[in-house]
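Subject: Structure handover

Hi,

Here is the structure I promised you. Please open it first, then read my notes below.

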Amino acid sequence: MTGGSSPIGYLKAWHTNLYLSADAEKVREALSEGIAAATMFMSEKQIEVSETQLRVAFDGDAVLFSDESERIFKAHGLDKFFEHERENENRLLDHGPLKGFLEVLGKLQKKFYAKGHRLDCPIRTYLVTARSAASSGIRALKTLRAWGLEMDEALFLAGAPKGPMLEKIRPHIYFDDQMFHVEGAAEMGAIAAHVPYGIAQKFPHIKSVNAGK
Ligand SMILES: [Mg+2]
């Protein structure tokens, strides 16, 4: 409780790993300070989530990764996007606003693994991306591997809607930079949070998901 003034300065001092708020303005401020942050929404319907395992799902572009590739897609379309990803397959993607949070989860997971809880680890992570497994997904996987970050599951939807997949995963939270994915997840009753970062905030009407990248 900060008497109406912004708490963001304190968050930095406390090395906050994740800031969630219903106030999109404060979330944007936190992101601009390099803090992983997302806006929460109340949805009418809510699916039941596991009580023994924390499940966290992430979009790739402009969430774990920078919006570099998303910019190519928005400016030049799907073909150029594929070409760009093929040409840059061996160049790592830059980090996005939630990479640090995934890193922290990974460190916690390793502590459980050390105690022999590999299969029933109480934390499970998911990548849910519109990239496809065959082509554009390779760069995403190579980047995660190079960072030393392992996802428990990587789902390449190749443009299919994310809602039905999230309904199956039942994450405690799903992060995406595009509002229509957040809304699609919420319609299925999945808990989704919006990361207001990157080029998608300028062109929310261009739906890259339908293009099947
Ligand atoms: Mg994205």
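Start with the metal. Along the chain, the donors of the magnesium ion follow the spacing D-x1-D-x115-D. Keep in mind that this is a predicted model. The magnesium ion is coordinated by D59 (OD), D61 (O) and D177 (OD). The distances are 2.0 to 2.2 Å.

Are D59 and D61 buried or exposed? D59 has 5% relative accessibility, so it counts as buried. D61 has 2% relative accessibility, so D61 counts as buried too. The cut-off for buried is under 20%.

Next, the sheet. It is open, with seven strands and mixed pairing. The strand order is β1-β2-β7-β6-β3-β4-β5. β1 (19-21) and β5 (153-156) stand at the edges. Each has a single partner strand, so one side of each is left without a neighbour in the sheet. On average, neighbouring strands of this sheet are turned by 25 degrees against each other, direction ignored.

β1 and β2 (residues 37-40) run parallel, joined by three bridges. The bridge partner of Y19 in β2 is A37.

Two helices to look at on the sheet:

- α6 (residues 99-114) packs on the sheet and touches β3 (54-58), β4 (123-129) and β6 (173-176). The direction of α6 makes about 145 degrees with that of β4.
- α9 (residues 179-187) packs on the sheet as well, touching β6 and β7 (192-194). The direction of α9 makes about 165 degrees with that of β7.

Now the cores. The largest nonpolar core has 33 residues. Which of them touch the most other members? They are Y19, F58, L64, L98, L144 and F175. α6 gives the most to this core, with four residues. The core draws at least three residues from each of domain 1 (1-40) and domain 2 (42-211).

Y19 deserves a look of its own. Leaving out residues up to four places away in sequence, its contacts include P7, I8, L11, K26 and V27. A30, I35, A36, A37 and A38 are also among the residues Y19 touches. A second, separate core has 13 residues, among them V128, L155, L166 and A185.

Last, helix α4 (residues 68-76). Its buried residues are E68, S69, E70, F73 and K74. These buried residues pack against α3 (60-64), α5 (78-87) and α7 (136-147). G77 follows α4, and the phi of G77 is positive, near 95 degrees.

Best wishes

Technical notes
Residues are numbered from 1 along each chain as its sequence is written. This is a predicted model: local features need pLDDT of at least 70, side-chain atom pairs count only at pLDDT 80 or more; totals for chains, interfaces and linings use all residues. Side-chain values use heavy atoms; hydrogens and water are left out. Donors are N, O and S atoms within 2.8 Å of the metal (3.2 Å for Na, K and Ca); water is not among the atoms, so sites may look incomplete. Buried means under 20% relative accessible area, exposed over 50%, partly exposed in between (1.4 Å probe, protein chains only). Contact means heavy atoms within 4.5 Å. Two strands pair if DSSP finds at least two bridges between them. Axes are lines fitted to C-alpha atoms, for helices over the stretch in contact, and angles run from 0 to 180 degrees between N-to-C directions. A nonpolar core is a set of buried Ala, Val, Leu, Ile, Met, Phe, Trp, Tyr and Cys residues joined through side-chain atoms within 4.5 Å. Domain bounds come from an automatic or database domain assignment.
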